[in-house]
Amino acid sequence: MPLTTTGTQSHPLSLADQAFLQLQDRLIFLDIPPGMPLNEARLAQELHVGRTPLREAIKRLESEHLVVTYPRRGTFATTVDITALSEISQVREVLEPLAARLAAERRGGGARPQLEELRERMAAQGSGPLGRDEALRWDIRIHRAIYLASGNSHLQVTLERYSNLATRIWCVVADRLPELQEHISVHDALLTAVLEGDAEQAGTIMFHHVRDFETHIRQVL
């Protein structure tokens, strides 16, 4: 089964939701390159949605700072602002450990089956090398599951936004990062701490995980 970055919704998705998630994925992983214009007619055809749900999705993407619309010019994928790395990391270093602690206190809550599945799939993956895209998708999928497991919807929405922006920066430099496998392998200990209810350990692992993310990127800038 392919590893996707969606799947945290527990209710049926509207066409606008489906378009949003698919476009978000393309924008985060730079499948739609920064600065590229969005052709609504082509996207509506590719995503099998009408213009109305597509435009609803694009409005949501604007609020996520993934696209920008200029009057009489159209809508474009935003550029990747690497200079924002410090500010993004400052927020994540505070809120990501909080999400991990809350998730551990709830032992995953309603997201526990998802966390268990992710840990099992990581174990099945073994220690073999991961490709760039696969490693990035593992990272964002596990982080999103922990945000969901925190049980705080406001925290979840906030962290998803900052995680998306951080992932775009990571995608820009990923080919120069040799530590991807090590970065991803930390997730096994993180998931175990959450599932076993060790809030302190979960928070500590997440803090260093986020801090290491910034350190690795700065080493290649």
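Pro53 is buried, because its relative accessible area is 15% and buried means under 20%, with exposed over 50% and partly exposed in between (1.4 Å probe, protein chains only). Its place is in helix H3; helices here are DSSP runs of H or I with at least four residues, strands are runs of E with at least two, and both are numbered from the N terminus. Leaving aside neighbours within four places in sequence, Pro53 is in contact with Leu15 and Ala16, where contact means heavy atoms within 4.5 Å. Gly35 is 18 residues from Pro53 in sequence, and their C-alpha atoms are 23 Å apart in space.

A word on the model itself. It is a predicted one, in which local features need pLDDT of at least 70 and side-chain atom pairs count only at pLDDT 80 or more, while totals for chains, interfaces and linings use all residues. Residues are numbered from 1 along each chain as its sequence is written, and side-chain values use heavy atoms, with hydrogens and water left out.

Stay with H3 for a moment, since Leu61 sits in this helix too, which covers residues 51-63. Leu61 counts as buried because its relative accessibility is 0%. Who touches it? Setting aside neighbours within four places in sequence, Leu61 has contacts with Phe20, Leu23, Gln24, Leu27, Leu66 and Val67. For a sense of distance, Leu115 is 54 residues from Leu61 in sequence and 27 Å from it in space, C-alpha to C-alpha.

Step out of H3 towards strand E1 (67-70) and you meet Glu64, in the loop between the two. Glu64 is charged by class, and with a relative accessible area of 12% it is buried. Not counting residues up to four places away in sequence, Glu64 touches Phe20, Arg161, Asn164 and Leu165.

Leu165 turns up again in the lining of the second largest pocket, along with His65, Thr78, Thr79, Val80, Asp81, Ala84, Glu87, Ile88, Tyr162, Arg168 and Ile169. A pocket, on a 1 Å grid over the protein atoms alone, is an open set of points where a 1.4 Å probe fits, with protein on both sides within 12 Å along at least five of seven lines; lining residues have an atom within 4 Å of a point. This pocket has a volume of about 230 Å³, and a volume is the space filled by probe spheres set on the points, which are joined across faces, edges and corners. Helix H4 (85-105) and helix H7 (153-173) each supply at least two residues of the lining. H7 gives the largest share, four residues. By class, the lining has six nonpolar, three polar and three charged residues; Ala, Val, Leu, Ile, Met, Phe, Trp, Tyr, Cys and Pro count as nonpolar, Asp, Glu, Lys and Arg as charged, and the others, Gly among them, as polar.

H4 has another partner, helix H6 (residues 132-149): the two pack at an angle of about 65°, with their axes 7 Å apart. The axes are lines fitted to C-alpha atoms over the stretch in contact, and angles run from 0 to 180 degrees between N-to-C directions. Which residues make the contact? On the H4 side they are Arg92, Glu96, Ala99, Ala100, Leu102 and Ala103, and on the H6 side His143, Ile146, Tyr147 and Ala149. By class, that is seven nonpolar, one polar and two charged residues.

Arg101 is found in H4 as well. It is partly exposed, with a relative accessible area of 33%. Leaving aside neighbours within four places in sequence, Arg101 is in contact with Ala199 and Gly203.

Now for the backbone. Most residues other than glycine have a negative phi. Arg107 has a positive one, near 50°, and is found in the loop between H4 and helix H5 (112-125). Its relative accessible area of 43% makes Arg107 partly exposed. Leu30 also has a positive phi, of about 65°, although it is not a glycine. Leu30 is found in the loop between helix H1 (15-28) and helix H2 (40-47), and at 19% relative accessible area Leu30 is buried.

Finally, look at Glu40 in helix H2. Glu40 counts as partly exposed, at 21% relative accessibility. Not counting residues up to four places away in sequence, Glu40 touches Arg51, Leu54, Arg55 and Ile58.
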